[in-house]
Amino acid sequence: MAALPTNVAAVLSAKTEGNVQILAVNTLGVIYLMSNDDTIKTVADLKGKTILSAGQGTTTEYVLNYILEGNGLTIDTDVFVEYASEHAEVISKAKSGGYEVILLPEPFVTQMKGQDASFSAQLDLTKEWKALGGGELTMGCIAVRKLFLEENPEAVEAFLKDYEASVNAVNADP
C-alpha cells in the first residue's frame, strides 16, 4: 500500500491492467493561485497575466487548463503559463520579483506566505473547479496492489479502520 497522488495511482492502475487500486481518497483540492496583486479576484482577472507553476504534465496543469478554458481564457493568447521544475523554484522566482501570479499547492502556499507576506491566496482552484460543474477535486489517495489486497484482506481492513480513526481524531482536534 502507498499514499500517492491520484493521477499517479490512475497511471499505475492503467499500466498494471487494474492491479493497483485506490482504497481511499486522502487529499482533496489544495491548489491555489497566489498573487501580490490584490486586484485578482476572479479567473477573468488573470487575462494578460503570466502564471508560474510547477507540475507540467500533472494534475495541476490539467486543473489549471480546465479552469482557464472554462472561464473563456485561451492559454498563450489571454493568459500565459510558465513551468518551473519544482514548487521551491516557484517560490524562489516569485520572491525575486519575477512573477506576480503563481500556482502552488499546500503546504507550499503556507511556505510562500511565510517567506513573502505580499503574496496571498487569491483563487481557490477547488472552488473554481466546482463552479464549472466539477465534483470533488481529488489530489491524493491510498492505493494497494490487488494481489496484496486479495492475500491480506484482514490487514487491509485493519489499516483502513485505523486510518479512519486517525483522520477522525485529527479532524476532531486539529
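**Reading a sheet and its surroundings**

User: I'd like to start with the strands. How many bridges join strand β4 to β6, and how do the two run?

Analyst: Let's begin with the general idea: strands of a sheet pair through backbone hydrogen bonds, either parallel or antiparallel. In this predicted model, strand β4, residues 50–53, is joined to β6 by three bridges, and the two run parallel. You can pick out one partnership yourself: I51 has V101 as its bridge partner in β6.

User: What order do the strands of the open sheet have?

Analyst: Read across the sheet from one side to the other. There are five strands in the order β5-β4-β6-β3-β7, and the pairing is mixed. At the edges are β5 (80–83) and β7 (120–124), each pairing on one side only. From one strand to the next, the twist averages 35 degrees.

User: Which strands does α2 touch as it packs on the sheet?

Analyst: Helix α2 touches β3, β4, β5 and β6, and its direction makes about 175 degrees with that of β5. Helix α3, residues 87–95, lies across β4 and β6 and runs at about 150 degrees to β6.

User: Now the interior. Which residues touch the most other members of the largest nonpolar core?

Analyst: That core has 20 residues, and L33, L46, I51 and L68 touch the most other members. Two or more residues come from each of β3 (31–35), α2 (59–70), β6 (101–105) and α5 (125–131). The biggest share, four residues, comes from α2. Try clicking on L33: leaving aside neighbours within four places in sequence, L33 is in contact with residues including L46, I51, L64, V101 and L125. Apart from this core lies another of 14 residues, among them M34, A84, A94 and I102.

User: Let me try a single residue. Is T6 buried or exposed?

Analyst: A residue counts as buried if its relative accessible area is under 20%. T6 is buried because its relative accessible area is 12%. T6 sits in helix α1, residues 6–15. Not counting residues up to four places away in sequence, T6 touches T138, M139, G140 and C141.

User: Where in the chain is confidence lowest, and where is it highest?

Analyst: The general advice is that where pLDDT is low, the predicted coordinates should not be read in detail. Here the chain averages a pLDDT of 94, and 100% of the residues score at least 70. Confidence is lowest in α2, with a mean of 92, and highest in helix α6, residues 146–151, at 97.

Methods
Residues are numbered from 1 along each chain as its sequence is written. This is a predicted model: local features need pLDDT of at least 70, side-chain atom pairs count only at pLDDT 80 or more; totals for chains, interfaces and linings use all residues. Side-chain values use heavy atoms; hydrogens and water are left out. Buried means under 20% relative accessible area, exposed over 50%, partly exposed in between (1.4 Å probe, protein chains only). Contact means heavy atoms within 4.5 Å. A nonpolar core is a set of buried Ala, Val, Leu, Ile, Met, Phe, Trp, Tyr and Cys residues joined through side-chain atoms within 4.5 Å. Two strands pair if DSSP finds at least two bridges between them. Axes are lines fitted to C-alpha atoms, for helices over the stretch in contact, and angles run from 0 to 180 degrees between N-to-C directions. pLDDT is the predictor's confidence in each residue, from 0 to 100.
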